[in-house]
Amino acid sequence: MPKKEAVISIKHLNHYYGKGALKKQILFDINFDIYPGEIVIMTGPSGSGKTTLLSLIGGLRSVQEGSLKFLGEELYRANQKRLVNIRRNIGFIFQAHNLLGFLTARQNVQMAVELNDRISQVDAIARSEGILKSVGLGSRVNYFPDNLSGGQKQRVAIARALVNNPAMILADEPTAALDRQSGRDVVELMQRLAREKGTSILLVTHDNRILDIADRIINMEDGVLARDSQNIVLSRESGFKTHTN
Ligand code: ADP
Ligand code: MG
């Protein structure tokens, strides 16, 4: 059987901030792939380069050195139009939910639908309400963010990230602002939806309590990526398949 194409394939990626004498290398020779449906957790200390890597993968920042392919498309030297197209295939979830306060839960999700697709308003509403139902917020579609709990707001953000069926979800510390139970609920929801739709997830977290949802754990330290030695054990214990390269 042919090997499935990687959703993300990164080779010899370096990244720098600053110019001239202030130029500082942040990422060092990053190499890794993510396959369809895989849930990868990235851990590592603050300042180690995790958000920088996520922003490169998401096409939010230009690749300076090395190769980064999203579904076979090279992002190195890609023009803005291409980067925008790549972003359309990615759902972003951040630490802060980034909902718009003057829009209801449904309108926040609907906005993402309408940005992406030529779709009638009736269909956009139906699709938005459908995904809100699937994240357990069917009775909250007309609530404004101020009237939702932290966990509920983060679930709206997940619905918004998933509504266009992206190939990949990039989540940067999505449980950081949540209590233990809400954090757990939010990642289990992401896991379930990923399994149902075959979406890949790359999730950055400091939260040790959610590591078990991962198929694979990678660790960033000082801009260098190491495969976590516990990864195979963890994956076996949680009953998920592991990818061997
Ligand atoms: P993490 O997400 O692991 O905390 P970041 O990717 O945010 O790490 O940051 C990695 C390093 O790059 C840190 O030293 C940070 O101060 C620096 N950095 C992050 N963003 C910028 C930027 N826009 N300009 C200059 N330096 C930055
Ligand atoms: Mg960060």
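In this predicted model, ligand 1 is surrounded by Tyr17, Ile26, Pro45, Ser46, Gly47, Ser48, Gly49, Lys50, Thr51 and Thr52. By residue class, this shell divides into 3 nonpolar, 6 polar and 1 charged, and helix α1, which covers residues 50-57, supplies its largest share with 3 residues.

Several polar atoms of the protein can be placed relative to the oxygen atoms of the ligand. A polar backbone atom of serine 48 is 3.2 Å from an oxygen atom of ligand 1, and a backbone N or O atom of glycine 49 lies 3.0 Å from an oxygen atom of the ligand. With threonine 52 the side chain is involved, since an N or O atom there is 2.5 Å from an oxygen atom of ligand 1. Of the 560 Å² of accessible area that ligand 1 has on its own, the protein covers 59%.

Helix α4, formed by residues 121-134, invites a check of its geometry. Its 14 residues, taken at 1.5 Å a residue, should span 20 Å, and because the end C-alpha atoms are 20 Å apart, the expected and modelled values agree.

The next point is how the residues of this helix are arranged around its axis. Ala124, Ser128, Ile131 and Leu132 are buried in α4, and when the helix is seen down its axis the buried residues fall within an arc of 105°, so they line one face. An α-helix has 3.6 residues a turn, so residues three or four places apart point the same way. On the face of α4 turned away from the buried side are the exposed residues Val122 and Lys133.

Definitions and conventions
Residues numbered from 1 in each chain as written. Chains lettered and ligands numbered in written order. Predicted model: local features only at pLDDT ≥ 70, side-chain atom pairs only at ≥ 80, totals over all residues. Heavy atoms only, no water. Near = heavy atom within 4 Å. Polar contact = N/O pair within 3.5 Å; in protein donor to acceptor, adjacent residues only side chain to side chain. Areas by Shrake-Rupley, 256 points an atom, 1.4 Å probe, with all protein chains shown as cover. Helix = DSSP H or I, 4+ residues; strand = E, 2+ residues; numbered from the N terminus. Nonpolar A, V, L, I, M, F, W, Y, C, P; charged D, E, K, R; others polar. Expected span 1.5 Å × (residues − 1). Buried < 20%, exposed > 50% of the residue type's maximum accessible area, 1.4 Å probe, protein only. Arc of directions from axis to C-beta.
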